[in-house]
Amino acid sequence: MASTAPFAKMNGIGNEILVADMRGRADRVTPDAAIALNADAATSFDQIMAIHDARTPGTAFFIDIVNSDGSRAQACGNGMRCVVQALAAETGQKAFTFETVAGILNAREHADGSISVDMGKPRFGWQDIPLAEEFHDTSRIELQIGPIDAPVLHSPSVVSMGNPHAIFWVDRDVWSYELDRFGPLLENHPIFPERANITIAQVTSPQSIVVRTWERGAGLTKACGSAACATVVAAARIGLTGRSASLLTPGGGTLHVEWRDDDHVILTGAAEWEFSGSFDPSTGDWARDTESAA
């Protein structure tokens with residue numbers, strides 16, 4: 001294949017990630033390439049994290065985030081952890097400053113192998129999320145799925161973590177809801193002009209939450225880092241939890257989120273390498289490294 005770039009297939013608590021090394025190149029991963037890669041069972045992913053040369057002084061790299069449908073994303077906490085693990089293994093560095101379209105992110109690999117990403121400050125203004133109409137209080141908004149007198153899901157909390165999120169609070173098992181059916185409808189609801197990530201959340205204690213997420217541009221996912229951050233922030237905002245909580249994700253892993261007093265949200269969890277290869281960023285044609293594990 002001509003003009004190929006290296007990639008690593010990884011996951012962050014089950015969130016399927018391709019980390020693509022686009023350093024030293026002027027091109028980007030095309031939507032067609034993303035769609036082709038996702039169509040192959042071996043490289044199916046939730047997000048591509050494309051590492052580009054730095055654009056802004058004081059940052060190490062610019063990270064271009066691509067969803068499995070070829071659209072661009074502003075934030076992906078689980079993907080950032082995968083990027084940190086890959087770069088730490090390559091360089092020996094433990095701390096990095098990245099730039100994304102959502103802003104500057106700092107991240108660090110700890111001695112135990114866990115990785116923390118500073119996801120920045122949440123935004124609650126209706127125009128910042130954004131919403132299509134004004135809501136004075138975004139801790140709960142008027143939105144529901146199902147019969148008007150007995151809605152299945154209703155009154156979500158909405159927040160931006162660099163990308164828009166809606167969190168629906170439920171009292172029973174999150175698996176009892178047809179998120180595969182409701183997710184696309186809610187993601188594309190007219191109230192969300194830039195679409196939205198949709199999370200169903202069950203608070204099980206003041207320090208723990210069980211979540212399922214339909215990711216904007218990716219669909220059902222085993223984990224979503226920015227959704228985990230949005231969920232803890234929203235829960236703390238309406239008094240369901242404190243400002244620090246652990247989240248059990250569909251992939252079986254646990255993420256920890258802390259909404260610090262300085263308003264920054266810190267996401268901590270693991271990342272896992274699966275295999276490496278090379279791909280054509282324009283077409284998605286790819287090959288596994290011969291020495292890469294199966």
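Reader: Which residue just after H2 takes a positive phi?

Author: That's Gly 92, with a phi of about 85°. Keep in mind that we're looking at a predicted model. There's another glycine like this to look for: Gly 113, in the turn between strands S7 and S8, has a positive phi of about 95°.

Reader: Let's go back to the helix, then. How do I check the span of H2 against its 15 residues?

Author: You count 1.5 Å a residue, using one less than the number of residues. For H2, residues 77-91, that gives 21 Å, and the end C-alpha atoms are 21 Å apart, so the two agree.

Reader: Is H2 largely enclosed or left open by the rest of the structure?

Author: The idea is to count residues with under 20% relative accessible area, which are the buried ones. In H2, 11 of the 15 residues are buried, so the helix is largely enclosed by the rest of the structure. The buried set includes Arg 81 and Gln 85, along with Val 83, Val 84 and Leu 87.

Reader: Pick one for me. What does Met 80 touch?

Author: Met 80 sits in H2 and is buried, at 0% relative accessible area. Leaving out residues up to four places away in sequence, Met 80 touches Met 49, Ile 63, Phe 98, Leu 105 and Val 117. Sequence separation and distance in space are two separate readings: Met 80 and Val 66 are 14 residues apart along the chain, and their C-alpha atoms are 13 Å apart.

Reader: Now the strands. How many bridges join S6 to S7, and which way do they run?

Author: For a pair of strands, you look at the bridges, the direction and what lies between. Six bridges join S6 (residues 95-100) to S7 (residues 103-109), and the two run antiparallel. Two residues lie between them, and the pair forms a hairpin. To line them up by eye, find Phe 96, which stands opposite Ala 107 in S7.

Reader: And which residue of S8 stands opposite Ala 107?

Author: Val 117 does. S7 is joined to S8 (residues 115-118) by four bridges, again antiparallel. This pair is a hairpin too, with five residues between the strands, and the turn holds the Gly 113 we met earlier. Val 117 is also one of the residues that Met 80 touches.

Reader: Charges next. Why can side chains of opposite charge pair?

Author: They can pair when their charged atoms come close. This structure holds 13 salt bridges. One of them joins Asp 64 and Arg 72, at 2.7 Å from N to O. Asp 64 is buried at 3% relative accessible area, whereas Arg 72 counts as partly exposed at 29%.

Reader: How far apart in the chain are Arg 195 and Asp 69?

Author: Start with the contact itself: Arg 195 forms a salt bridge with Asp 69, and the closest N and O atoms are 3.5 Å apart. The pair links distant parts of the chain, 126 residues apart. Arg 195 is in the loop between helix H3 and strand S13, and Asp 69 is in the loop between strands S4 and S5. Arg 195 is partly exposed at 23% relative accessibility, and Asp 69 is partly exposed at 35%.

Reader: What about the salt bridge between Arg 181 and Glu 178?

Author: There the closest N and O atoms are 2.8 Å apart. Arg 181 is partly exposed at 47% relative accessible area, as is Glu 178 at 41%. Salt bridges can also share partners, and that joins Lys 9, Glu 16 and Glu 274 into one network.

Reader: Let's zoom out. How many helices and strands does the protein have?

Author: Four helices and 20 strands. To judge the overall packing, you set the radius of gyration against a rule for globules: here 18 Å is close to the 19 Å given for 294 residues, so the protein is as compact as a globular protein of that length. Its C-alpha trace spans about 60 × 35 × 35 Å along the principal axes.

Reader: And what share of the 294 residues counts as buried?

Author: The share is 53%. Contacts give another view: among those between residues at least 6 apart in sequence, 61% join residues at least 24 apart. As for the surface, the protein exposes about 12,000 Å², with carbon and sulfur atoms supplying 50% of it.

Methods. Residues numbered from 1 in each chain as written. Predicted model: local features only at pLDDT ≥ 70, side-chain atom pairs only at ≥ 80, totals over all residues. Heavy atoms only, no water. Pairing = 2+ DSSP bridges. Buried < 20%, exposed > 50% of the residue type's maximum accessible area, 1.4 Å probe, protein only. Salt bridge = Lys/Arg side-chain N within 4 Å of Asp/Glu carboxyl O. Rg over C-alpha atoms; globule rule 2.2 N^0.38 Å. Contact = heavy atoms within 4.5 Å. Areas by Shrake-Rupley, 256 points an atom, 1.4 Å probe, with all protein chains shown as cover.
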